[in-house]
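Here are my notes on this one, as numbered points. Have the model open while you read.

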Amino acid sequence: MDIAEKIISGDIRSVARLIRDIDDNVPGSREVLKDLYPSTGKAYVVGITGSPGVGKSTLVDQMVTHLRADGKTVGVLAVDPTSPFSGGAILGDRVRMQRHSMDEGVFIRSMATRGYFGGITQSTRSAIDVLDAMGKDCIIVETVGVGQDEIDIVQSADTTIIVLVPGMGDDVQALKAGILEIGNIFVINKADREGADRTVNDIRLMIEMDEKRYKDGWKPPILTAQAVFDKGIIEILDEIDKHRKHLESSAKIQSMRKYEKVRNDLSEMIKDKIIRDVFDEIINSGEFETTLQSIIKGETDPYTACDTIVSKKLKKGAA
Ligand SMILES: Nc1nc2c(ncn2[C@@H]2O[C@H](COP(=O)(O)OP(=O)(O)OP(=O)(O)O)[C@@H](O)[C@H]2O)c(=O)[nH]1
Ligand SMILES: [Mg+2]
């Protein structure tokens with residue numbers, strides 16, 4: 001069996017190795033992804049995002065337990081591209097979800113690529129494809145909702161959950177623009193703390209203020225949960241199911257989503273590849289160095305130099 005076949009048959013070692021290779025940008029991983037692509041598109045992908053420490057991993061851990069009890073297989077990807085503390089956070093996620101580590105029906109990994117722009121988005125999407133191809137029914141992607149990358153990642157999920165905690169209502173407006181738009185379900189976790197009801201109302205007001213945002217006919221529910229006490233989890237899973245049925249109820253929504261997904265995936269991939277291949281070549285070329293010197297000596301300006309280098313490169317690439 002080749003690697004792709006092993007992955008499709010569910011071989012955990014091959015899956016783990018490929019995801020690591022994707023994270024490390026190992027060139028050969030791309031070839032395997034090509035072979036896996038026809039086997040993707042079956043899993044249901046749930047994105048979970050929110051500020052650090054709101055309880056995302058605890059929620060995911062409880063969701064996994066309930067999904068397993070329902071007989072579903074689950075893949076979990078914890079994405080942590082920005083934090084300099086990622087070692088710690090990822091370790092925390094692992095520990096938090098430790099109890100599933102002996103369960104063959106659950107596969108949990110962290111993604112930590114940094115460096116190139118677009119890198120983490122791309123590698124997470126590829127890792128989703130791998131878990132999809134290996135046959136997981138549901139894939140949950142946890143990201144810390146701080147940057148555009150994380151928003152891009154959860155946006156490619158079928159259902160996106162935004163996790164908040166009591167008292168955060170006021171902060172939501174200050175959160176990254178777009179966070180309200182991408183949420184299909186809002187969860188106010190740590191509802192054992194004071195002020196959960198107020199936060200629910202704050203969020204509801206914000207959503208109702210801008211209903212045109214939800215033009216596909218889905219009005220995001222706002223739920224409360226106490227992840228550590230396993231409260232509110234079944235309700236979240238029920239809403240995910242409802243959202244899924246909503247998406248599947250209309251052929252128009254389905255084809256629109258498919259188009260958007262393929263469009264996003266392909267444009268991200270092209271962007272990624274251009275940066276990786278073309279940019280690297282330019283930066284490492286002798287001409288780049290001589291141009292730097294010319295600018296320093298005042299013989300040319302960076303604007304002209306940039307236009308010259310790029311158009312020359314693109315012409316050569318097209319030839
Ligand atoms: N009081 C209370 N604490 C909770 C609840 N859910 C989670 N916590 C605690 O909140 C802390 C952070 O939980 P995590 O699940 O690691 O949060 P996270 O959002 O995944 O954190 P990062 O991945 O670091 O962004 C832990 O100490 C949890 O035990 C809850 O419902 N109530
Ligand atoms: Mg976490």
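How do the residues of the shell around ligand 1 divide into nonpolar, polar and charged?

1. The split is six nonpolar, eight polar and six charged. (Ala, Val, Leu, Ile, Met, Phe, Trp, Tyr, Cys and Pro count as nonpolar, Asp, Glu, Lys and Arg as charged, and the others, Gly among them, as polar.)

2. Before you go further: this is a predicted model, where local features need pLDDT of at least 70, side-chain atom pairs count only at pLDDT 80 or more, and totals for chains, interfaces and linings use all residues. Residues are numbered from 1 along each chain as its sequence is written, while chains are lettered from A and ligands numbered from 1 in the order in which they are written.

3. Back to ligand 1: it has 20 residues around it, and G55, K56, S57, T58 and A227 come nearest (near means a C-beta atom, placed from the backbone, within 6 Å). Helices α4 (56-69) and α5 (86-96) each supply at least two shell residues, with α5 giving the most, four. (Helices are DSSP runs of H or I, at least four residues, and strands runs of E, at least two, numbered from the N terminus.)

4. Now the sheet. Seven strands form an open, parallel sheet, ordered β3-β2-β4-β1-β5-β6-β7 (pairing takes at least two DSSP bridges between two strands). β3 (106-111) and β7 (222-224) each have a single partner strand, so one side of each lacks a neighbour in the sheet.

5. Zooming in, β5 (residues 159-164) and β6 (residues 185-188) run parallel and are joined by four bridges. V163 has V187 in β6 as its bridge partner.
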